[in-house]
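Take a look at the protein below. Then read on for a short tour of its fold.

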Amino acid sequence: MQIQSRKPVAAVSAEPPYHFFIISSNSMHTEQISLPATPTNDYDHDPHRRTFLRQTAGIVISGTALAAILAACESTTVSSTGIQATLDINAQAALQTVGNSISQTFGQNNGGRAVILIRSTTTDFIALSSVCTHEQCTVSKPQTAGGNIICSCHGAIFSPKDGSVLGGPAPSSLQRFQTAYDATTKVLTITF
Ligand code: FES
């Protein structure tokens with residue numbers, strides 16, 4: 001087993017069988033490695049394995065904390081059902097300023113729940129579902145330009161940049177929808 005070439009980040013079990021989550025120095029992916037449930041004399045005297053266990057000692061973590069680590073590592077999902085809706089940005093005073101946001105429904109798209117639209121640049125917008133990934137409460141749009149997205153139910157915090165989890169119990173990012181902005185007509189198209 002070539003575990004000595006990777007950097008261990010967390011041991012999730014203190015007793016055999018051992019399970020380790022590893023982040024490679026060059027790929028940032030996670031993987032699980034299980035060591036033998038019954039240590040052998042070779043296991044006890046293998047210097048690489050002893051070093052590995054010493055490095056992971058003291059960072060035994062709970063399943064909840066591990067879920068938070070994995071959520072932070074995952075990329076934001078961009079949904080696409082092919083259904084499109086448009087919004088005239090000319091009619092949205094708040095969206096004339098970069099960093100500002102609105103919460104808006106688009107018929108039955110997104111299950112009839114609101115979409116948070118954030119003007120990220122003069123020519124681009126971010127569209128995120130307002131449905132919290134913890135227990136489906138409705139999250140609030142950022143209260144200030146550039147502010148985080150908060151779920152008041154249990155305190156989940158999401159990034160306004162991509163909907164990724166910054167804190168709290170949410171297991172995954174807010175669902176993100178594709179956007180296309182026509183700077184000439186100032187019409188934003190959202191693909192659900
Ligand atoms: S439903 Fe959003 S944090 Fe629980």
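This report covers the overall make-up, one small sheet and one loop residue.

This is a predicted model: local features need pLDDT of at least 70, side-chain atom pairs count only at pLDDT 80 or more, and totals for chains, interfaces and linings use all residues. Residues are numbered from 1 along each chain as its sequence is written.

**Overall make-up**

The protein has three helices and 13 strands. Helices (H or I, at least four residues) and strands (E, at least two) are DSSP runs, numbered from the N terminus. Of the 192 residues, 21% are buried. A residue is buried if 20 or more other C-beta atoms lie within 10 Å of its own, exposed if 12 or fewer, and partly exposed in between; C-beta atoms are placed from the backbone.

**A three-stranded sheet**

One open sheet has the strand order β9-β10-β11, with antiparallel pairing. β9 and β11 stand at the edges with a single partner strand each, so one side of each is left without a neighbour in the sheet. Two strands pair if DSSP finds at least two bridges between them. β10 and β11 pair over two bridges. Ile-157 has Gly-167 in β11 as its bridge partner.

| Strand | Residues |
|---|---|
| β9 | 149-150 |
| β10 | 157-158 |
| β11 | 165-167 |

**A loop residue**

Is Ala-94 buried or exposed? Ala-94 counts as exposed because it has 12 C-beta neighbours inside 10 Å. Ala-94 lies in the loop between β5 (84-88) and β6 (101-104). Arg-119 is 25 residues from Ala-94 in sequence, and their C-alpha atoms are 9.2 Å apart.
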